[in-house]
Amino acid sequence: MKLEVASGISLIAGGGLLALHGFIRGAVEHINLGIAGMFLGAILLTFKGKEYIKKESVELVGGSYESILERMVRNLALDGNAIFIPPYDNLPKGGLFVPLHEDFDLDLARLDENKVFLTDVPREKAMGLFLGPVGTPLVEKFEEHLEGPLNGIGSEAVESVASSVLKTLGLAEKVYIEEEDDTFRVIVDPSIECNVEDCEKTPCPICASVLLALAKGTNELLLIESVYEKEYGIEMRIKKLGGVEEWM
Amino acid sequence: MDVEDYFILFISAWVLVSALAVKSVDVFLTLTLIGLLITLEVGSLFLSKEQKEDLKPLVELLIVIFVVIVMKKIYGVLSGG
């Protein structure tokens with residue numbers, strides 16, 4: 001049995017006995033302390049009765065998947081940086097697309113959830129790799145905490161909910177989003193070890209979840225312009241590419 | 001420390017101070033309800049839906065107790081006791 005569960009049960013049992021003792025003796029302090037014990041036992045079971053795995057395990061398991069993606073992108077010689085697409089008819093959860101060329105053309109009508117390599121397009125500029133909804137489970141967690149969809153809630157609300165959820169899950173210390181004219185400055189301070197190499201093309205699920213949530217929250221396609229590792233976290237320059245209808 | 005740890009520390013301190021400072025079970029239970037509601041309101045963004053759902057029965061129980069306390073007081077005032 002876990003220490004937290006054992007402590008919770010002991011507090012409830014001990015508190016119950018103390019409250020009973022106080023009730024028999026007519027000692028209000030004992031009754032109060034007994035009830036306090038039972039109450040704190042219940043709180044402890046609610047907050048700490050969950051299973052956790054070590055941070056190191058996440059790095060060990062997730063790292064291999066990340067390297068597979070990086071190798072795939074390098075092998076395909078994709079020059080473009082990652083584009084985050086907000087949800088629309090073809091992609092109800094939105095997604096991450098890496099264009100073949102830096103000077104790309106996007107044909108959203110040809111994308112769908114089952115497509116990975118986008119090659120059946122009239123122009124080579126529109127080709128690319130669709131990596132699907134990277135970070136979607138975390139975006140779903142953001143919406144669960146928000147108790148509603150992220151669609152169109154704005155960058156400030158996205159910053160608030162992403163920061164809270166990632167901090168609660170122990171994945172990031174902070175998330176900061178600053179909106180400029182046609183760009184966003186996004187800072188994520190991940191709690192796990194992060195390598196920014198190739199992050200412009202294949203961001204990790206933590207950064208991807210923030211950017212996908214931002215795309216969803218602002219209803220704009222977002223292009224990663226640059227990623228830097230600073231002493232205060234990972235800083236990303238994100239360019240707004242307009243709404244889905246502009247690329248259909 | 002996790003965010004959850006801060007909540008546990010806050011609610012523990014609140015409940016223990018209330019238990020030791022007040023000489024009435026009614027006032028103590030009312031203060032406990034207030035502390036729990038503050039925790040839920042301030043921490044709503046940091047708590048998962050599951051945790052909030054798990055805390056609901058506790059809040060509901062304390063609200064029922066609070067209603068009984070209020071009814072008792074009203075009865076006391078009306079009966080001139």
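**A covered strand, an open sheet and a helical partner chain**

Both faces of strand β2(A) are covered in this predicted model, with A:G95, A:F97 and A:P99 buried on one side and A:L96 and A:V98 buried on the other. The strand as a whole is accordingly described as mostly covered, five of its five residues being buried. On one flank, β2(A) pairs with β1(A) in the antiparallel sense over three bridges, and within this pairing A:F97 of β2(A) is the bridge partner of A:I83. A further four bridges join β2(A) to β4(A), again with the two strands running antiparallel, and here A:P99 has A:G128 of β4(A) as its bridge partner. Two of the residues that are buried in β2(A), A:F97 and A:P99, are thus also named in its bridges, A:F97 with A:I83 and A:P99 with A:G128.

These pairings belong to an open sheet of eight strands in chain A, which follow one another in the order β3-β4-β2-β1-β7-β8-β6-β5 with antiparallel pairing. The sheet is bounded by β3 (117-118) and β5 (172-179) of chain A, the edge strands, each of which pairs on one side only. Elsewhere in the order, strand β7 (residues 222-230) and strand β8 (residues 233-240) of chain A run antiparallel and are joined by eight bridges, among them the one that links A:K230 to its partner A:G233 in β8(A). Helix α6 of chain A, which comprises residues 205-218, lies across β1 (83-85), β2 (95-99), β5, β6 (183-190), β7 and β8 of that chain, and its direction makes an angle of about 145 degrees with β6(A).

At the level of domains, chain A is divided into domain 1, covering residues 3-48, and domain 2, covering residues 55-248. The centres of these two domains, taken over C-alpha atoms, are separated by 47 Å. A separation within the chain can also be given for a single pair of residues, since A:R123 and A:N32 lie 91 residues apart in sequence and 75 Å apart in space, C-alpha to C-alpha. Of this pair, A:R123 is found in the loop between β3 and β4 (128-132) of chain A, and A:R123 is classed as exposed because 9 other C-beta atoms lie within 10 Å, where a residue with 12 or fewer counts as exposed.

Two further loop residues of chain A are notable for their backbone angles. A:A77, placed in the loop between α3 (55-75) and β1 of chain A, has a phi near 55 degrees, a positive value in a residue other than glycine. With 8 other C-beta atoms within 10 Å, A:A77 is exposed. A:E147, in the loop between α4 and α5 of chain A, likewise is not a glycine and has a positive phi of about 60 degrees. This residue, too, counts as exposed, having 9 C-beta neighbours inside 10 Å.

The contact between the two chains takes 21 residues from chain A and 24 residues from chain B. On the side of chain A that touches chain B, the elements giving two or more residues are α2 (28-48), α4 (136-146) and α5 (155-168) of chain A, and the largest share, 13 residues, comes from α2(A). By character, the residues of this side of chain A divide into 12 nonpolar, seven polar and two charged.

Chain B contains three helices and zero strands, its elements running α-α-α from the N terminus on. The radius of gyration of chain B is 15 Å, well over the 12 Å that the globule rule gives for 81 residues, so the chain is more spread out than a compact globule. Along its principal axes, the C-alpha trace of chain B spans about 50 × 25 × 15 Å. Of the 81 residues of chain B, 14% count as buried. When contacts in chain B between residues at least 6 apart in sequence are considered, 58% of them join residues at least 24 apart.

How values were computed
Residues are numbered from 1 along each chain as its sequence is written. Chains are lettered from A and ligands numbered from 1 in the order in which they are written. This is a predicted model: local features need pLDDT of at least 70, side-chain atom pairs count only at pLDDT 80 or more; totals for chains, interfaces and linings use all residues. Two strands pair if DSSP finds at least two bridges between them. Two residues are in contact if their C-beta atoms, placed from the backbone, lie within 7 Å. Axes are lines fitted to C-alpha atoms, for helices over the stretch in contact, and angles run from 0 to 180 degrees between N-to-C directions. Domain bounds come from an automatic or database domain assignment. Ala, Val, Leu, Ile, Met, Phe, Trp, Tyr, Cys and Pro count as nonpolar, Asp, Glu, Lys and Arg as charged, and the others, Gly among them, as polar. A residue is buried if 20 or more other C-beta atoms lie within 10 Å of its own, exposed if 12 or fewer, and partly exposed in between; C-beta atoms are placed from the backbone. The radius of gyration is taken over C-alpha atoms; the globule rule is 2.2 Å times the number of residues to the power 0.38.
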